[in-house]
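Q: Got a minute to go through this assembly with me? I'd like to start with how the chains relate.

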There are 4 protein chains.
Amino acid sequence: MKVAVVGVTGYGGKILWQLLQQHPNVTAVTVYTRQADLTALQNQLAWSAIKPFTVANFDVDELMANNNMAFFATSAGVTKDLALTFMQARFPVIDLSGDLRLQDGAQYQQWYQTDTAAPAEALAQTSYGLAEFNQATGAYIANPGCYATATLLGLAPLVQGDLVDLDSIIVDAKSGVSGAGKKLSDSTHYANVDENFSLYKVNAHQHIPEIMQQLQVWQPQMPPFQFTTGLLPLNRGLMATIYAKVAPADVFEFEEKLALTLEKLYADQPFVKVTGQQLPDLKAVVGSNLTAIGWQFNPQTRTVMVVSVIDNLVKGAAGQAIQNFNQLFGFAQTAGLGQLPFDI
Amino acid sequence: MKVAVVGVTGYGGKILWQLLQQHPNVTAVTVYTRQADLTALQNQLAWSAIKPFTVANFDVDELMANNNMAFFATSAGVTKDLALTFMQARFPVIDLSGDLRLQDGAQYQQWYQTDTAAPAEALAQTSYGLAEFNQATGAYIANPGCYATATLLGLAPLVQGDLVDLDSIIVDAKSGVSGAGKKLSDSTHYANVDENFSLYKVNAHQHIPEIMQQLQVWQPQMPPFQFTTGLLPLNRGLMATIYAKVAPADVFEFEEKLALTLEKLYADQPFVKVTGQQLPDLKAVVGSNLTAIGWQFNPQTRTVMVVSVIDNLVKGAAGQAIQNFNQLFGFAQTAGLGQLPFDI
Amino acid sequence: MKVAVVGVTGYGGKILWQLLQQHPNVTAVTVYTRQADLTALQNQLAWSAIKPFTVANFDVDELMANNNMAFFATSAGVTKDLALTFMQARFPVIDLSGDLRLQDGAQYQQWYQTDTAAPAEALAQTSYGLAEFNQATGAYIANPGCYATATLLGLAPLVQGDLVDLDSIIVDAKSGVSGAGKKLSDSTHYANVDENFSLYKVNAHQHIPEIMQQLQVWQPQMPPFQFTTGLLPLNRGLMATIYAKVAPADVFEFEEKLALTLEKLYADQPFVKVTGQQLPDLKAVVGSNLTAIGWQFNPQTRTVMVVSVIDNLVKGAAGQAIQNFNQLFGFAQTAGLGQLPFDI
Amino acid sequence: MKVAVVGVTGYGGKILWQLLQQHPNVTAVTVYTRQADLTALQNQLAWSAIKPFTVANFDVDELMANNNMAFFATSAGVTKDLALTFMQARFPVIDLSGDLRLQDGAQYQQWYQTDTAAPAEALAQTSYGLAEFNQATGAYIANPGCYATATLLGLAPLVQGDLVDLDSIIVDAKSGVSGAGKKLSDSTHYANVDENFSLYKVNAHQHIPEIMQQLQVWQPQMPPFQFTTGLLPLNRGLMATIYAKVAPADVFEFEEKLALTLEKLYADQPFVKVTGQQLPDLKAVVGSNLTAIGWQFNPQTRTVMVVSVIDNLVKGAAGQAIQNFNQLFGFAQTAGLGQLPFDI
C-alpha cells in the first residue's frame with residue numbers, strides 16, 4: 001500500500017506520519033508539500049523515518065498516479081476545492097480537515113467564517129468517519145474533529161437510547177494546547193497557558209455543528225446543547241464532561257440501563273474502554289488511540305455525568321484516520337494502532 | 001495589634017504568614033507550634049520575615065495572654081476541641097479549618113468522616129465568614145473553604161434573586177494542586193499531576209455542605225446540586241463553572257436582570273470584579289485576593305454559565321481570613337490585601 | 001514623586017508597573033504609549049491600579065514637564081536615540097533596555113546586531129546600575145540584564161577576590177520563558193517549551209558583553225568565559241550555575257576564604273541572601289527582589305560551584321530598577337520592594 | 001521467547017512492560033510480584049496488555065522453570081542476594097537495578113549507603129550493559145543507570161580519544177521527575193517541582209561510581225570529575241551537558257577531530273544520532289530509545305561543550321535493557337524499539 005500525505009507539518013499531520021511509519025500494511029509514504037519546503041521537510045522527517053519515504057511537490061495528478069490513497073491533514077480551506085477531483089477519479093481520500101464534515105454548506109460557511117463551502121455534489125459523496133459508528137465505505141471520508149469524537153462517543157449511549165432529557169445536556173470539555181495547532185498566537189504563548197486555565201469559543205467552537213449533525217442522525221429531534229471549551233496547561237489530551245438529567249420515572253433503573261447500553265455499544269470496539277464508576281483521567285489514554293468512558297449517576301439530583309477522554313491528536317485526529325484507513329481497505333482494525341498510553 | 005497564628009506549616013498558613021508580614025495594623029506575630037518544631041520553624045520563617053516575630057510552644061493560656069486575637073490554620077480536627085475555650089474567654093478567633101463551618105454537627109461527622117464534631121454550644125456562637133455577605137461580628141469566625149468561596153460568590157446572584165431553576169444547577173469546579181495541601185499522596189506526586197487532568201470526590205467534596213448551608217440561608221428550599229471537582233496541573237487557582245437553566249418565561253429579560261443583580265451585589269466590593277461577557281481566566285486573580293466573575297447566557301438552550309475564579313490560597317483561605325480580620329477590628333477593608341495578581 | 005513609565009506592555013514593564021503601584025514614595029504614575037494604544041492600555045491597567053495613573057501619548061517634552069523622572073522598559077533600539085536629550089535636560093532616567101549598558105558602541109552593534117549605537121557622549125554619561133556594587137549617582141542609569149545580574153552577583157566574590165583560576169570559569173545558566181519576552185515565536189509556543197529543556201544562544205547571548213565589562217572593572221585582565229543559556233519549562237526564575245577551578249595551593253583554605261568574602265560583600269545587602277552549602281532553588285526567590293547565593297567546593301577536583309538565583313523579572317529587571325530609583329532619590333533601600341517569594 | 005519481569009510497579013518496570021508488549025520475539029510475559037498484590041497488578045496491567053500475560057507470586061524456581069530469561073526492575077537491595085542463584089543455574093538475567101553495576105562491593109556499600117553488597121563471585125560474572133560499547137555476552141547483565149548512560153555516551157569520544165584535559169571535565173546534568181521514582185517525598189510533591197528548578201545530590205549521585213568505573217576501562221588514569229544533578233519540572237527526559245578544556249596545542253584541529261571521532265564511534269549505532277553543532281533538546285528523543293549528541297567548541301576559551309540527551313526511562317532504563325536483550329539472544333538490534341519520539 002502506497003500512501004500519500006498532504007500537510008505533514010501540523011500536529012495532526014506529524015502524528016499521522018508517526019503512525020504510518022509503524023503501520024504494517026503501508027510500504028511507502030510520499031509526503032506532499034510546496035516546492036519551497038521540499039528540502040527542509042525532507043531533513044526534518046529523516047529524523048524519525050523508519051521506512052522509505054519521498055517528499056514531493058504537491059500535484060494532484062502525480063499524487064494519484066503514484067499512490068493508492070491520500071490523507072489530507074491540511075488546514076481549513078484546502079480540500080473543499082480539491083475533493084471533487086479525487087471523487088471523480090474514484091481515488092480514496094481520508095480528510096482530517098473540517099472542510100467536508102458538514103453536509104450543509106451553509107453551516108460550514110457560518111461556523112468556519114468563510115464565503116464558500118465544498119460543492120454540494122462533493123458533500124453528498126462524503127461520509128463522516130466516526131469510526132465506531134460509521135463503517136468507512138465511501139471513497140471520501142471526512143475524519144471527525146477532536147471535540148466531536150470525545151463528545152459523540154460519550155453522548156451516544158445517552159442519546160441513541162433516549163436515556164436522558166435531551167434538553168438538559170451540557171458538555172464541559174477541555175483540551176491541551178496541541179488542539180490549537182502550531183500557529184503562533186497569544187493564546188499559545190507559553191506564559192499565557194502555563195499555570196492558567198481559560199475558557200474560549202464557548203458555544204462557538206466549529207466542532208459543535210458536526211456533533212449536532214451526527215446526534216440528529218441518531219435522534220432527529222435533538223435540540224441545541226451547551227458546549228464549553230477550555231484550555232488546559234498541557235500538550236495532549238481532551239476530556240468531555242457531559243451532564244444530563246434523567247426523568248423522575250427513570251431514576252430507579254437508570255444505572256443498570258446505562259451500564260447495559262454502554263456494554264452493548266462498545267463491547268466489541270477495541271479502542272473504547274468503559275471504566276464504569278471510575279472516572280478516567282487523561283493519562284489513561286494519551287499517546288494511544290483509546291477512548292476511555294466512565295460515568296456516575298446522582299439519583300438525588302437526577303444528574304448523570306459521563307466522562308469521555310481521548311488523545312486529541314490520536315483518537316481525535318490521526319489515529320481515527322488510521323482506523324478509517326483500516327476499515328476502508330479491510331486491514332485489521334488495530335493495524336498500526338498498538339501504541340499504549342504514555343502513562344508516565 | 002498582636003496576632004497569634006497556629007499552624008503555619010500548611011499552604012494556607014504560609015500565605016497567611018506572608019499577608020500578615022505586610023499588614024499595616026499588625027505589629028507583631030507569634031507563631032505557635034509543637035515544642036519539637038520550634039527551631040526548625042524559626043529558621044524557616046526568618047527567610048521571609050519583615051517584622052518582629054516569635055515562635056512559641058502552643059499553649060492556650062499563654063496565647064490569650066500575649067495576643068489580641070488568633071488565626072488557626074490547622075488541619076481538620078484541631079479547633080473543634082479548642083473553640084469553646086476561646087469563646088468562653090471572649091478571645092477573638094478566625095478559624096481557617098473546616099471544623100466549625102457546619103452548624104449541624106452531624107453533617108460535620110458525615111462529610112469529614114469522624115465521630116465527633118465541635119460542641120453545639122460552640123457551633124451556635126460561630127459565624128460563617130463569607131466576607132462579602134456576612135459582616136464579621138461574632139468573636140469566632142469560621143473562614144470558608146476555597147471551593148465554597150468561589151461557588152457561593154458565583155451562585156449568589158442566581159440564587160438570591162431566584163433567577164434560575166434551582167433544580168438545574170451544576171457546578172463544574174477545578175483547582176490547582178495546592179488545594180490538596182502539603183500531605184504526600186499519589187494524587188500530589190508530580191508524575192501523576194503533570195500533563196494530566198483528573199476528577200476526584202465528585203459530589204463528595206467536604207465543601208459541599210457549607211455551600212448548601214449558605215445557599216439555604218438565601219433560599220430555604222434550595223435543593224441538592226451537582227458538584228464536580230477536578231485537579232488542574234498547576235499550583236494555585238480555582239475556577240467554578242456554574243450552569244443553570246432559566247425558565248422559558250424569563251429568557252427575554254434574563255441578561256439585563258443578571259447584569260443588574262451582579263452590579264447591585266458587588267459594586268461596592270473591592271475584591272469582586274465582574275467581567276461581564278468576558279470570562280475570566282485564573283491569571284486574572286492568582287496572587288491576589290480578587291474574585292473575578294464573568295457570565296454568558298445562551299437563549300437557545302436557556303443555559304446561563306457563570307464563571308467565578310479565585311486564588312484558592314488567598315481569597316479561598318488566608319486572604320479572606322484577613323478580610324474577616326479587617327471587618328472584625330474595623331480596619332480598612334483592603335488593609336494588607338493590596339497584592340496584585342502575579343499575571344506572569 | 002511623579003514617575004513616567006515608557007513601555008509597560010512587555011513583561012518587565014508590567015512588573016515595574018506592579019512595583020510602582022506599591023511604592024510608598026510614588027504618588028502618581030504616567031504611562032506613555034502610542035496614540036493608537038491609549039484606550040486599550042488604559043483599560044488593561046485599570047484592573048490592577050491602586051493609585052492614580054494616567055495613560056498619555058509619548059512626547060519627550062510633555063514627559064519631562066509633568067514628571068520627576070522616567071523609567072524606560074522599551075525594547076532594544078528605542079533609547080539609544082533618546083538618551084542624550086534627557087541627559088542634556090538633566091532629567092533622570094532609569095533604562096531597563098540594553099541600549100546603553102555597553103560603554104563601547106561597537107560592542108553594542110556586534111551583540112545587538114544593529115548598525116548604530118547610542119552616541120559616545122551619551123554612553124560616557126551612563127552608569128551601569130548593578131545596585132549592590134554601583135551606587136546610582138549619575139542621572140542616566142542603564143539597568144542590568146537578568147543573566148548579567150545573577151551571574152555578576154555570583155561571580156563577584158570569586159573574581160574580585162582572585163579566588164579562582166579566571167581561565168576556568170564556566171557559567172551554565174538557565175531561565176524561564178518570560179525572559180524571552182512577549183513576542184510570538186516558535187521558541188515560546190507552549191508545545192515547544194512544555195516538557196522540554198533546550199539550549200540557545202550558547203556563548204552568543206547579548207548579556208555576555210555587559211558581564212565582561214563589569215568583570216573587567218573588577219579584574220582588568222579577565223579573560224573570556226563559557227556562557228551557556230538554557231530555557232526551562234516555567235514562567236519566572238533564573239539560575240546561574242558557576243564553575244571554576246581553585247589553584248592547588250589554595251585548596252586548603254578555600255572554603256573559609258570564600259565564606260568570608262561572601263559575608264563581607266553581602267552582609268549589609270538586604271536583597272542578597274547567602275545560603276552557604278545549601279544550594280538555593282528558584283522558589284527561594286521568585287516573586288521577590290532577592291538574590292540567593294549558595295556554593296559547594298569539591299577539593300578532590302578543585303572545583304567550586306556557586307549557584308545564584310533570581311526572579312528574572314524582579315531582581316533581573318523591574319526590581320533592580322526600583323533599587324536604583326531608591327538609591328538615586330535617597331529613599332529607603334527596600335521601599336516598594338517588600339514582596340516575599342511566592343513560595344507556593 | 002518467554003520472559004519474566006520482576007518489579008513492574010516502578011516507572012522503569014512499567015516502560016519495560018510496555019516495550020515487551022510490542023517486542024516481536026516475546027511471546028509471553030510473566031510478571032512476578034508479592035502474593036498480596038497479585039489481583040491488583042493483574043487488573044492494572046490488563047488495561048495495556050496486547051499479548052498474553054500472567055501475574056504470579058515471585059518464586060525463583062518457578063520463574064526459572066517457566067521462562068527463558070528474567071528482567072529485574074526492582075529497587076536497590078533485591079538482586080544482590082538473588083544474583084548468584086541465577087548465575088549458578090546459568091539462567092540469563094538483565095538487571096535494571098544498581099545492585100551489581102559496581103565491580104567493587106565496597107564502592108556499592110559507600111554510594112548506596114548499605115552494609116552489604118552482592119558477593120564478589122557474583123560481581124565477577126556480571127557484565128555492565130552499556131549497549132553501544134559492551135556487547136552483551138555473559139548471562140548476567142547489569143543495565144546502566146540513566147545519568148550514566150547519557151554521560152558515558154557523551155564522554156566516550158572525549159575520553160577514549162584523549163581529546164581533552166581529563167582534569168577539567170564538568171558534567172552539569174538534569175533530569176525530569178520520573179528519574180526519582182514513584183516513592184512519595186517532598187521532592188516529588190507537585191507544588192515543590194512545578195515552576196521550580198533545583199539541584200540535588202551534587203557530586204553525590206549513586207550513578208557517579210559506575211560512570212567512573214567505565215571511564216577507567218577506557219582511560220585507566222581517569223581522575224574524579226564534577227557531577228551536578230538537577231531536577232527539571234517535567235516528567236521524562238535527561239540532559240547531560242559536558243564541559244572540558246582542550247589543550248592549547250590541540251585547539252586548531254579539535255573540531256575536525258571530534259567530528260571524526262563521533263562519526264567513527266556512532267555511525268553504525270541505530271540509537272545514537274549525532275546532531276553536530278545543533279544542540280539537541282529533550283523533545284528530540286523523549287519517548288524513544290534514542291540518544292542525541294551535539295556539541296560546540298569555543299576556541300577562545302578552549303572549552304568544548306557536549307550535550308547528550310536521552311529519555312531516562314527508555315534509553316536510560318527499559319529501552320537499553322531491551323537492547324541488551326536483543327544482543328544477548330541475537331535478535332535484530334532494533335527489535336521492539338521502533339518507538340519514535342513523542343515530539344508533541
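A: Sure. Chain D superposes on chain B by a rotation of 180° with 0.0 Å of shift along the axis, RMSD 0.0 Å. That is the relation of a two-fold axis. The fit is by least squares on C-alpha atoms of residues with pLDDT of at least 70 in both copies.

Q: Any ground rules before I read on?

A: This is a predicted model: local features need pLDDT of at least 70, side-chain atom pairs count only at pLDDT 80 or more, and totals for chains, interfaces and linings use all residues. Residues are numbered from 1 along each chain as its sequence is written, chains are lettered from A and ligands numbered from 1 in the order written, and side-chain values use heavy atoms, without hydrogens and water.

Q: Which residue of chain D comes closest to the rotation axis?

A: Y190(D), with its C-alpha at 2.1 Å.

Q: How many residues of chain D and chain B are in contact?

A: 17 of chain D and 17 of chain B. Contact means heavy atoms within 4.5 Å. The copies meet through the same surface, because 100% of the interface residues of chain D are also interface residues in chain B.

Q: And how much area do chain D and chain B bury?

A: About 1500 Å², 58% of it on carbon and sulfur atoms. Buried area is the accessible area (1.4 Å probe) that two parts lose on being put together, summed over both. On the chain D side, L184(D), H189(D) and Y190(D) lose the most, together 48% of what that side buries.

Q: What about polar contacts and salt bridges there?

A: The rule finds zero salt bridges between chain D and chain B. A salt bridge needs a side-chain nitrogen of Lys or Arg within 4 Å of a carboxyl oxygen of Asp or Glu. There are 10 residue pairs in polar contact, both at pLDDT 80 or more. A polar contact is a pair of N or O atoms within 3.5 Å; within protein, one must be able to donate a hydrogen and the other to accept it, and residues adjacent in sequence count only if both atoms are side-chain atoms.

Q: Switching to chain B and chain A. How many residues does that contact take?

A: 39 from chain B and 39 from chain A. The buried area is about 3300 Å², with 60% from carbon and sulfur atoms. In chain B, E195(B), F197(B) and Y243(B) lose the most area to chain A, together 17% of what that side buries.

Q: How many salt bridges between chain B and chain A?

A: Two. K174(A) forms a salt bridge with D172(B), the closest N and O atoms being 3.7 Å apart. This interface also has 20 residue pairs in polar contact, both at pLDDT 80 or more.

Q: Which element of chain B gives the most to the side that touches chain A?

A: β11(B), with four residues. Helices (H or I, at least four residues) and strands (E, at least two) are DSSP runs, numbered from the N terminus.

Q: New topic: L41(C). Buried or exposed?

A: Buried, with a relative accessible area of 4%. Buried means under 20% relative accessible area, exposed over 50%, partly exposed in between (1.4 Å probe, protein chains only). L41(C) lies in helix α2 of chain C, residues 38-46.

Q: What is L41(C) in contact with, beyond neighbours within four places in sequence?

A: V8(C), T9(C), V31(C), T33(C) and V55(C).
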